[in-house]
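This report is written for a reader meeting the structure for the first time, and it turns to aromatic rings and then to the packing of two helices.

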Amino acid sequence: MEFLNALVALTNFVIIPATAYGAQLALGALGVTLIYGILRFSNFAHGDTMAFGTMATILFTWLFQSVGISFGALPTALLALPFGIAVTALLVLGTDRVVYQFYRKQKAAPVILVIVSMGVMFVMNGLVRFIIGPEEERFADGARFIIKARDFKEMTGLSEGLALRSTQAITIVTAVIVVAALFWFLNRTRTGKSMRAFSDNEDLALLSGINPERVVMITWVIVAALATIAGTLYGLDKSFKPFTYFHLLLPIFASAIVGGLGNPLGAIAGGFVVAYSEVTITYAWKKVLTYLMPDALDPSGLVQLLSTDYKFAVSFMILVIVLLFKPTGLFKGKSV
């Protein structure tokens, strides 16, 4: 019985949160890795693209709620998500046309594009805060829990309760659907194969008659969709605050680099590696150990390796270790 209580506590506070967070990071890292693999630069504006997409979704959510449109037990934000994706796609396509296209035609070095993307990042961050403000926004509605801790205790007779929030389940299910759709698109459609060919060898792809501007446009649209979905899922699961997405840039890049920058499968794996590392290292293990250890050996402290304030430091440590010992990542992407 004590082992089951420990397992429930572990599932409740580590496995479920880390899986949901890992799905959010994986979707964010997929956007970063697509830009790096196809357009060949590290897009530092990706975190604020997520913020902009989430803001657009929130504004449409409020619009729907004001006219009485809802999605029943599911968050209204899911109805607003396609509109948020459309607005974000227009923004990134406009940014590419006004900013990035010039440097592409000049065949600027990747480091120049990185610096340019930092400028775009600050502009986007200011734009989001100007439109929606810097304060925290909570926009999740509908049913809050799928499983409540009290109901789980009554059903199982255990002293430890298991709670599964609807936003966590929605995050995991949505991430699976989006990743499956993306891999089908990249591997089965003619456009997806063109994108992969362009990523592998740009000169050969051009000789084969592939339209580079079309590949770039579709890449930005997919990245806008991934950024908006990842940002909205993160905001539903936690809350929306513009600067939070700026801070998310580190774990997202760490995820992409750990898996192998430019490798979509690596981005997904890296997202879960970073998420589980952050959660397990910053979790206070006292409750789990109290169930497993004899009374005489019950821990007196929290048994926490790092405070949650240092969560992003874990991402930084993982990033440094990978860059030092395996710069191509777990799935042998392109070296940074």
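What follows describes a predicted model, beginning with its aromatic rings.

A search of the whole structure finds 11 aromatic pairs, and two of these are set out in the table below.

| Pair | Centre to centre | Angle between planes | Arrangement |
|---|---|---|---|
| Y100 and W220 | 5.5 Å | 15° | stacked |
| F240 and Y245 | 5.5 Å | 45° | tilted |

The pair of Y100 and W220 is called stacked because the planes of the two rings stand at 15°, under the 30 degrees that serve as the cut-off. Since Y100 belongs to helix α3 (residues 77–105) and W220 to helix α9 (residues 212–237), the pair ties together parts that are 120 residues apart in sequence. Y100 counts as buried at 2% relative accessibility, and W220 is likewise buried, with a relative accessible area of 3%. In the tilted pair, F240 and Y245 are both buried.

Elsewhere, F13, Y283 and W285 form one aromatic cluster, while the ring of Y21 has the charged end of K311 sitting over it, 5.0 Å from the ring centre.

The report now turns to helix packing. Helix α1 (residues 2–39) packs against helix α6 (residues 166–188) at an angle of about 35°, the axes being 9 Å apart, and α1 passes α6 in a left-handed crossing. Among the residues that meet there are I16, P17, A20 and L27 in α1, and I172, A175, V179 and L182 in α6. Sorted by class, the contact of α1 with α6 holds 11 nonpolar and four polar residues, and no charged residues.

Methods:
Residues are numbered from 1 along each chain as its sequence is written. This is a predicted model: local features need pLDDT of at least 70, side-chain atom pairs count only at pLDDT 80 or more; totals for chains, interfaces and linings use all residues. Side-chain values use heavy atoms; hydrogens and water are left out. Rings of Phe, Tyr and Trp (its six-membered ring) pair if their centres lie within 6.5 Å; planes under 30 degrees apart count as stacked, over 60 as edge-to-face and the rest as tilted. Helices (H or I, at least four residues) and strands (E, at least two) are DSSP runs, numbered from the N terminus. Buried means under 20% relative accessible area, exposed over 50%, partly exposed in between (1.4 Å probe, protein chains only). A charge sits over a ring if NZ of Lys or CZ of Arg is within 6 Å of the ring centre and within 35 degrees of the ring normal. Axes are lines fitted to C-alpha atoms, for helices over the stretch in contact, and angles run from 0 to 180 degrees between N-to-C directions. A crossing is left-handed if the near helix is turned anticlockwise from the far one by less than a right angle, and right-handed if clockwise. Contact means heavy atoms within 4.5 Å. Ala, Val, Leu, Ile, Met, Phe, Trp, Tyr, Cys and Pro count as nonpolar, Asp, Glu, Lys and Arg as charged, and the others, Gly among them, as polar.
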